[in-house]
Amino acid sequence: MGIFIGDDTRLVVQGITGREGRFHAGRMREYGTNVVAGVTPGRGGADVDGIPVFDTVAEAVRETGANASCVFVPASAAADAAAEALAAGIEIVVCITEGIPTLDVMNMLDAAKARGWKGRVIGPNCPGLVTCGKALVGIMPGRIFTPGPVGLVSRSGTLTYEVVNLLSARGIGQSTCVGVGGDPIIGTNFVDCLAEFEDDPDTRAVVLIGEIGGQDEEDAAAFIRENMTKPVIAFVSGRTAPPGKRMGHAGAIVSGNMGTAESKMKAFREAGVPVADSIGEIMRLVMDALK
Amino acid sequence: MKLHEYQAKEIMRRYGVRTPRGEVACTADEAGEIAARLGCAVAVKAQVHVGGRGKAGGIAVATTPDEARCQASRILGMNIKGLTVTRVLVEEAVKAAREYYAGITIDRARRSIVVMASSEGGVDIEEVAARAPEKIARAWVSPREGFEPWQARSLALAAGFDRKAVGAAGTYIASLFRLFVREDASLAEINPLMLSEGGHVIAADAKITIDDNAIVRHPEYQALAEEDSEDPLEREAHRRGLTYVKLDGDIGVIGNGAGLVMATLDAISAEGGRAANFLDIGGGARADVVRNALELILMDGRVKAILINVFGGITRCDEVASGLLAAAESVGVRVPMVVRLAGTREEEGRALLRETSVVAAEGMADAARQAVALAAGGVH
């Protein structure tokens, strides 16, 4: 099964006529994702490598039954594109775009709540997600993934690939891998993903890759302690990052004594979650958990 | 992007917040002239982006223009926590009857703006939060809703502001909220928000941080961002469009992806070394981007070894390896370079590096170990 996306995913790519949108639409289709439509305002009626393009998401939904979207729209218009998808009834909106002003994301999520739009936003500033062997939405390199029992949720793209690559090399497959994004405000956080993994019959253990900034890891630790029966293994990057400096991701910043790696690792340990000291150690802990 | 106090106060004044009269000076003579124009006792305040400038001697009160000149000449050029003071704010000294706190920031967990007020101003709000959390009143507000003076007055009352301060404080906090939303701030703080002996409510100190992602739609901050990078290497990185943070070690680090680079810094530290920087070249690791990054790292005289950590995902490792080698050759790398490749076709990528002067590492820990040894002058 996996979480959020799978066999029944019908994807619309927003910004499909742009360089990134077109390139990744092709990659996703190659992986096996059912890419049913593209949207670029003003380009309706066109086709991109055989994928029909519409002017609006609503039209794409009506014509193709799209139920998931992937946003490759530039930062100045990306929050608006996500809102359009939610308004059209899209269930999973994956926003890849980096650099969206924080208040735009907040406004979009708040409008969705106020208007009762039901869809879930993943990201922004995220690599997307893959339910192994079924569907890939986003920019992750499909060939490193193998189907199996480990769920993975992470704030970092390349660190996810790193871990997945090692898992696959050891013959440990993955159910769904989700990159939730590196921004301060994101639509789907660790707790949302953990709750889904707990209910997913295909997932037997979860790897959580956190980093400095915010308190998502602390919230996840509390959630695991109270609600999870499946084993979770945690890793936190940024232990040596200086306070007050934004480490690449807009959300990866220690402010004062908030958001330190120590606080996050301590929260996990206190919740009984094993914390890996290095990427290599994640493998050992996963193998222990699957025994 | 952090603004200086004098810049933050200028913006707050535009939104109707009362601040002490004052001007910024770059020389002692200018400071003296400003003090003379103000015609009253003044505070001379170092304009640097660090906390604790008062304790470090970066703030002084002067009763005459001459004294202001002397204090400014002492403070200008001073080094506060590694930063050189190049500007001082000279403003009328205000005597406080009470000191409050007012601040607005982003609550990430609630995906909301949070407005905070406290009757314990003049100290670090985190300290108050740790010691006496009940002394901070909070309101969570959507940018779509707005925050009106009547709501701000309730907040100020809940925080224990004196009744005579509540009217003006409420107006200013509501103004601060408008500022926060319109200017795309991620922090707007008045600490202390002073009730003066004369009965006025005044923003005695001010902090504003602008959301870096929003600077593109605020041209005036774009200009400030360019002139403001304090470190020449960070300024150069900004010019080259690279995501770079200067650190205090001697191992230059380049990687793709923020999380991977952070993990690399951690691995170096676990091996007993220190990274000279954080540098994320993003996905793909194209040869021109790598060359650009290598050139920047080599401008840093402290760097004794370079560690490149790349995950080849959509781009295969063998392509990444040839790109790296081409870039290294065209730049002329003068220090040992350790390269660690992972991902698709990593064996092939590593094989390409083996024939060269580049040290091909097996894993992240191995790469860190070798880079640390090389930086220390050891043999790999």
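## The sheet of chain A and its helices

In this predicted model, strand β1 (residues 10-14) of chain A runs parallel to strand β5 (residues 68-71) of chain A, and four bridges join the two. One of the residues of this pairing is Val13(A), whose bridge partner in β5(A) is Cys70(A). Both strands belong to an open sheet of seven strands in chain A, which has mixed pairing and follows the order β3-β4-β2-β1-β5-β6-β7. At its edges stand β3 (47-48) and β7 of chain A, each with a single partner strand, so one side of each is left without a neighbour in the sheet.

Helices pack on this sheet. Helix α1(A) lies across β1, β2 (34-39), β3 and β4 (51-54) of chain A, and the direction of α1(A) is at about 165° to that of β2(A). Helix α3 (residues 75-87) of chain A touches β1, β5, β6 (92-95) and β7 of chain A, and the angle between the directions of α3(A) and β6(A) is about 170°.

## Two domains in chain A

Chain A is divided into domain 1, which covers residues 10-122, and domain 2, which covers residues 141-290. Taken over C-alpha atoms, the centres of these two domains of chain A are separated by 26 Å. Where the domains meet, ten residues of domain 1 of chain A are in contact with eight residues of domain 2 of chain A.

On the domain 1 side of this meeting in chain A, at least two residues each are supplied by α1 (19-31), α4 (102-115) and β7 (120-122), and the largest share, four residues, comes from α4(A). By residue class, this side of domain 1 of chain A divides into six nonpolar residues, one polar residue and three charged residues.

## Helix α7 of chain A

Helix α7 of chain A, residues 216-227, has twelve residues, and the distance from its first C-alpha to its last is 16 Å, close to the 16 Å expected at 1.5 Å a residue. The buried residues of α7(A) are three acidic ones in its opening stretch, Asp216(A), Glu217(A) and Glu218(A), together with Ala220(A), Ala221(A) and Ile224(A). These buried residues of α7(A) pack against two helices, α6 (190-199) and α8 (261-270), and two strands, β12 (205-211) and β13 (232-237), of chain A.

## Two positions in the loop between β13 and α8

What sets Pro243(A) apart from Ala250(A) in burial, given that both Pro243(A) and Ala250(A) are found in the loop between β13 and α8 of chain A? A residue counts as buried if 20 or more other C-beta atoms lie within 10 Å of its own, and as exposed if 12 or fewer do, with partly exposed in between. Pro243(A) has 13 such atoms within 10 Å and is therefore partly exposed, whereas Ala250(A) has 25 C-beta neighbours inside 10 Å and so counts as buried.

Each position can also be placed relative to a residue elsewhere in chain A. The C-alpha atoms of Pro243(A) and Gly213(A) are separated by 9.8 Å, with their positions 30 residues apart along the chain, while Ala250(A) and Gly99(A) are 151 residues apart in sequence and 8.1 Å apart from C-alpha to C-alpha. Leaving aside neighbours within four places in sequence, Ala250(A) is in contact with Asn125(A), Gly182(A), Asp183(A) and Pro184(A) of chain A, and also with Asp212(B) and Asn213(B) of chain B.

## Where chain A touches chain B

Across the interface between the chains, 47 residues of chain A are in contact with 42 residues of chain B. On the chain A side, α4, α5 (157-169), β12 and α9 (279-290) each supply at least two residues, and the largest share, seven residues, comes from α4(A). This side of chain A divides into 20 nonpolar, 19 polar and eight charged residues.

Helix α4(A) thus gives the largest share of the side of domain 1 that touches domain 2 of chain A, and also of the side of chain A that touches chain B.

## Chain B as a whole

Chain B comes to 13 helices and 18 strands, and its C-alpha atoms fill a box of roughly 80 × 50 × 40 Å along the principal axes. Of its 380 residues, 48% count as buried. Among contacts in chain B between residues at least 6 apart in sequence, 67% join residues at least 24 apart.

Chain B is divided into domain 1 (21-92), domain 2 (96-221) and domain 3 (232-375). The C-alpha centres of domain 1 and domain 3 of chain B lie 43 Å apart.

Terms used: Residues are numbered from 1 along each chain as its sequence is written. Chains are lettered from A and ligands numbered from 1 in the order in which they are written. This is a predicted model: local features need pLDDT of at least 70, side-chain atom pairs count only at pLDDT 80 or more; totals for chains, interfaces and linings use all residues. Domain bounds come from an automatic or database domain assignment. Two residues are in contact if their C-beta atoms, placed from the backbone, lie within 7 Å. Ala, Val, Leu, Ile, Met, Phe, Trp, Tyr, Cys and Pro count as nonpolar, Asp, Glu, Lys and Arg as charged, and the others, Gly among them, as polar. Two strands pair if DSSP finds at least two bridges between them. Axes are lines fitted to C-alpha atoms, for helices over the stretch in contact, and angles run from 0 to 180 degrees between N-to-C directions. The expected span of a helix is 1.5 Å times one less than its number of residues.
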